[in-house]
Amino acid sequence: MLRYKTLYYDATKPMSEAVRTMFQTNSETARETAPESDAGFLWDFWYPAVRSAEIRGQKLVTAMLLEVPLVLGRTTAGKAFAMRDSCPHRGIPLSYGRLDGEVVECCYHGWRFDACSGRCVEIPSLTSRDKLKVERIFTGHYPCEERDGYVWVYMSSSSRTESDTSRGRIAADSEPGSRSPEAIPAAPALAVFSEKYRILHLSCELPSHVDQGIIGLMDPAHGPFVHQSWFWRKRASIHEKAKQFEPIPNGFRMSPHQPSANSAPYRLLAKLTGESVTTTIDFVLANLRTEIDRSGKLWFSSRATVTPVRRDLCRIDFVAAWNLPLPVAIFRPFAKKFLRQDQLTMIQQAEGLKYNPHLMLIDDADRQAKWYFALKANLLESRRTGAPMVHPMSGPVTLRWRS
Ligand code: FES
Ligand SMILES: [Fe+2]
């Protein structure tokens, strides 16, 4: 249990380092898990892989998303790229090789790959007599975009089959012109409402399946128990709440409302502007929870994502931006403490989940978790059948719980 505690890190510590440490400490678990069995991940979504600041110069950085090992870097032109961390020749991680401008060179036999397309550009061992068409060899690569200080990687489902470019392969004759990626939506971006604002990034790993991480994130009933503190709220402040929810594409929204009167930050916001505070909280597949608080000209916007690393490990990335007169240095320790409370709880929960207990989801406090599972199942079903996705909510609904 202790080993997870040391893995808490924030923006200053590279994520990939922590992921790698986890990978080493849990290598036995990793060996036991068959990579091809369904791990309950949602493919064809953007996931944050590393912080933008981590990839600079000639550095190659590793990350794992959905049990896919990745190597990331930045070309001299400044473009971030993500490739499968595996040379298509003998499978050695490309991250042991080197980045040379626009090209990644494998450390084993020196095959060179264009970093942005994954296309092989040189095989040093070939002689002029060799007929092998180097340009038809690809190493796996993934679409990559930078937003809000993260490098997002689009985890395409076609990457799961051997024939795909993301696994590394030799392209068919008619290609590679036909290798155009399917229509990919833009990577998520944090909503901001003024030109100047402060921004904070925090991150922590949870020894849990992504589903547990997500339902933990949207769980309204743990607040008074897990997050008790003088600055946030007291357990004695527990009271009945009624919140309205509405369906949105791929998710649900806690309709704009006046936030809970028992939370100090919201009281502060109202005090600063003298106007009422409105909060809107959305959850959208695969893994995004966003919250926007506005009061007069002041605003606070945050996003938490829970990203599957492996089936037994996920990572919360929290980013918040605001134009309140609140220095990052003041807010950071509070946010960090909050996240650490969640992390500790998930570490404790993982202890119990080892023994496959039966679990319960109750109304209404766990209704959002039920929606999450239904959204996920319905999305997969619609992808399987090609029929439009059925939303688990038929319209607005009021949920009541005590917290
Ligand atoms: S293993 Fe990469 S070049 Fe041979
Ligand atoms: Fe929490």
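This passage describes the overall fold, helix α8 and the iron site of a predicted model.

In the model, local features require pLDDT of at least 70 and side-chain atom pairs count only at pLDDT 80 or more, whereas totals for chains, interfaces and linings use all residues. Residues are numbered from 1 along each chain as its sequence is written, chains are lettered from A and ligands numbered from 1 in the order in which they are written, and side-chain values use heavy atoms, with hydrogens and water left out.

The chain has eight helices and 22 strands; helices (H or I, at least four residues) and strands (E, at least two) are DSSP runs, numbered from the N terminus. Of its 403 residues, 49% are buried, that is, under 20% relative accessible area, with exposed meaning over 50% and partly exposed in between (1.4 Å probe, protein chains only). Contacts are defined by heavy atoms within 4.5 Å. Of those contacts that link residues at least 6 apart in sequence, 63% join residues at least 24 apart.

Helix α8 comprises 19 residues (367-385), and the 26 Å between its end C-alpha atoms agrees with the 27 Å expected at 1.5 Å a residue; the expected span is 1.5 Å times one less than the number of residues. Buried positions in α8 are Gln368, Ala369, Trp371, Tyr372, Leu375, Lys376, Leu379 and Ser382. They cover an arc of only 160° around the axis, and therefore lie on the same side of α8; the arc is that of the directions from the helix axis to the C-beta atoms. The packing partners of these buried residues are β2 (45-51), α4 (210-217), β16 (240-248), β17 (251-257), β18 (278-284) and β22 (397-402). Within α8, Lys376 has a relative accessibility of 8%, and its side chain reaches the backbone oxygen of Gly40 at 2.7 Å. Beyond its neighbours within four places in sequence, Lys376 contacts Gly40, Leu42, His209, Asp211 and Leu285. Gly386, with a positive phi near 85°, follows α8.

The iron ion (ligand 2) is coordinated at 2.1 to 2.5 Å by NE2 of His222, NE2 of His227 and, twice, OD of Asp342. Donors are N, O and S atoms within 2.8 Å of the metal (3.2 Å for Na, K and Ca); water is not among the atoms, so sites may look incomplete. The four donor atoms subtend angles of 55 to 151°, which makes the arrangement irregular. Four donors count as tetrahedral if all angles lie between 85 and 135 degrees; four count as square planar and six as octahedral if opposite donors are over 155 degrees apart and all others between 65 and 115; anything else is irregular. The donor residues follow the sequence spacing H-x4-H-x114-D. His222 lies in the loop between α4 and α5 (223-226) and Asp342 in helix α7 (residues 328-353), so the pair ties together parts that are 120 residues apart in sequence.

Methods: Polar contact = N/O pair within 3.5 Å; in protein donor to acceptor, adjacent residues only side chain to side chain.
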